[in-house]
Amino acid sequence: MRMVDIIEKKRDGLTLTQEEIKFWIEGVTNNTIPEYQTSALLMAIVLKGMNVEETTVLTEAMLHSGDIIDLTAIAGKKVDKHSTGGVGDKTTIILSPLVAAAGAKVAKMSGRGLGHTGGTLDKLEAIPGYNISLTSDAFIKQVNDINVAVVGQTGNLVYADKVLYSLRDVTGTVNALPLIASSIMSKKLAGGADCILLDVKYGEGAFMKTVEDARKLAETMIQIGQNLGREVNAMLTNMNQPLGNAIGNALEVREAVETLKNNGPKDLEELCLVAAGYMLFQAQFVDSPEKGYDMALETLRSGKAYEVFLSWIAAQGGDISVFEDLDTFTHATYSKEVIANKEGYLHDLKAMELGLVSMHLGAGRQTKEDTIDYKAGIMLSQEVGNKIEVGDVLATLYSDQEILESHVQDAVACFEINNDTIEKPELIAAIL
Ligand code: URA
């Protein structure tokens, strides 16, 4: 088999066989196919697409390119959730103890942030002492003992994705449905959970700009999961504005803690309860997602979810005394309010741009090597639909480096205000 024939076949819009896709991914994994040929095939896939069967084969080939986590030593069904990425998305930190408190097993691997999106691992590392790398035995024991552990990905999970993603990043081939679906699903399947809930974001701050595109991506990933024997559901959720009010690592942990103490923003709480309800249904703790919602609500209102959160953080070495004084936990050296200079209704809160402002304040990485200022970020004071007067506070910026006027100007530009009234947008468009 020759790689050039495979590239030409996809270039001409033909369907690749199982053998051809496996040949490619095995060659990527053992370094026998040069990067220029892989890049050419990636671009052909961007332009000509792949059907669901090809995408399933690609996912399976990628899944076998590295370690596969064996969670069979954990009793009961293991649940996992994956968000396709956004701004202010701290749901894992809330959802994991929420479902764990109801009895489900959460053995989760999370990733770091890059560019405008944050990553759960960075958020957890804002808690002093939190250890993201447990041995496999310690990981399994913790989940058996307290139902939840969240760690970083092992170095060799889905090796082919690391190679492909770094090429996609520099060849304009990130944004293609089969490549996104296989990249996400191969990692989720390698993570070993029985049930997976996908939170597919749509909107300005997401990969998929429209709900229709998000639905196509979700349907493809559900189909891949089913073809490979896992229970997969997907929520389509709005990322036209950040989720909750906090953007930035310590600020987001604080908002997660407040939500677990029944004091968080309502949109964030609702998303977590709906997702938890689905996960409990998938794991067969209840016979409908609605009953799962009620069960999750009970663990939240009773304080049981917060107790599980504290046990989880402490079990991984985190200093839970920092949650006794949240002001000190999030206190950055500098802060600056962003003030409205026109009146009207808030139509748009540009999630991606806000994520970039937050990154420039120090909360995120422009390159993988950058270090993070955990206390940097943005607290939003307004949401889409609000009536705004001149002089109202729109947001507050936080950083340990002096906050430049240009960051304030960039932040003001993220708030689109005009005279027409506007309904508050729905947060969850559909659950598939
Ligand atoms: N997230 C991933 O893990 N992979 C993609 O390709 C896109 C988003």
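**Group meeting: the ligand shell, the cores and three residues**

Two helices, α8 (159–171) and α9 (177–190), each supply at least two residues of the shell around the ligand. Before I continue, please note that the structure under discussion is a predicted model.

Let me stay with the ligand. Which of the elements gives the most to its shell? That is α9, with four residues. The residues that surround the ligand are Tyr165, Arg168, Ile180, Ser183, Ile184, Lys187 and Phe207. By character, this shell divides into four nonpolar residues, one polar and two charged.

Three side chains in the shell deserve separate mention. Arg168 places a polar side-chain atom 2.9 Å from an oxygen atom of the ligand. In the side chain of Lys187, an N or O atom is 2.5 Å from an oxygen atom of the ligand. For Ser183, the partner is a nitrogen atom of the ligand, which is 2.6 Å from an N or O atom of the serine side chain. How much of the ligand's accessible area does the protein cover? On its own the ligand has 240 Å² of accessible area, and the protein covers 89% of that.

I turn now to the nonpolar cores. The largest of them holds 81 residues, and the members that touch the most others are Ile127, Phe309, Trp312, Phe323, Ile378 and Phe415. Helix α12, spanning residues 266–282, gives the most to this core, namely 10 residues. If we set aside its neighbours within four places in sequence, Phe309 is in contact with Ile93, Pro97, Val257, Leu260 and Phe323. Apart from this core lies another, of 57 residues, which includes Ile45, Ile180, Leu189 and Ile196. Ile180 in that second core is also one of the residues around the ligand.

Next, three individual residues, beginning with Ser399. Where is Ser399 found? It is located in strand β11, residues 393–399. Ser399 has a relative accessible area of 0% and is therefore buried. Its side chain reaches two backbone atoms: the oxygen of Leu361 at 2.7 Å, and the nitrogen of Gln401 at 3.1 Å. Not counting residues up to four places away in sequence, Ser399 touches Ala332, Thr333, Tyr334, Leu361, Asp373 and Ala376. Leu361 thus appears both as a polar partner of Ser399 and in its list of contacts.

The second residue is Gln241, which sits in the loop between β5 (231–238) and β6 (246–247). Is Gln241 buried or exposed? Its relative accessibility is 15%, so it counts as buried; the cut-off for that term is under 20%. A polar atom of the Gln241 side chain lies 3.0 Å from the backbone nitrogen of Val384. With neighbours within four places in sequence left aside, the contacts of Gln241 are Leu349, Ala351, Glu383, Val384 and Pro425.

The third residue is Tyr293, placed in helix α13, residues 289–301. Beyond its neighbours within four places in sequence, which residues is Tyr293 in contact with? They are Glu270, Leu273, Val274 and Gly277. Those four positions fall within the residue range of α12, 266–282. Finally, Tyr293 and Asn262 are 31 residues apart in sequence, and their C-alpha atoms are 15 Å apart in space.

To close, I return to the ligand: α9 gives the most to its shell, and Arg168, Ser183 and Lys187 each bring a polar side-chain atom to the distances I have quoted.

Note on methods: Residues numbered from 1 in each chain as written. Predicted model: local features only at pLDDT ≥ 70, side-chain atom pairs only at ≥ 80, totals over all residues. Heavy atoms only, no water. Core = buried A, V, L, I, M, F, W, Y, C linked by side-chain atoms within 4.5 Å. Buried < 20%, exposed > 50% of the residue type's maximum accessible area, 1.4 Å probe, protein only. Contact = heavy atoms within 4.5 Å. Near = heavy atom within 4 Å. Polar contact = N/O pair within 3.5 Å; in protein donor to acceptor, adjacent residues only side chain to side chain. Areas by Shrake-Rupley, 256 points an atom, 1.4 Å probe, with all protein chains shown as cover. Nonpolar A, V, L, I, M, F, W, Y, C, P; charged D, E, K, R; others polar.
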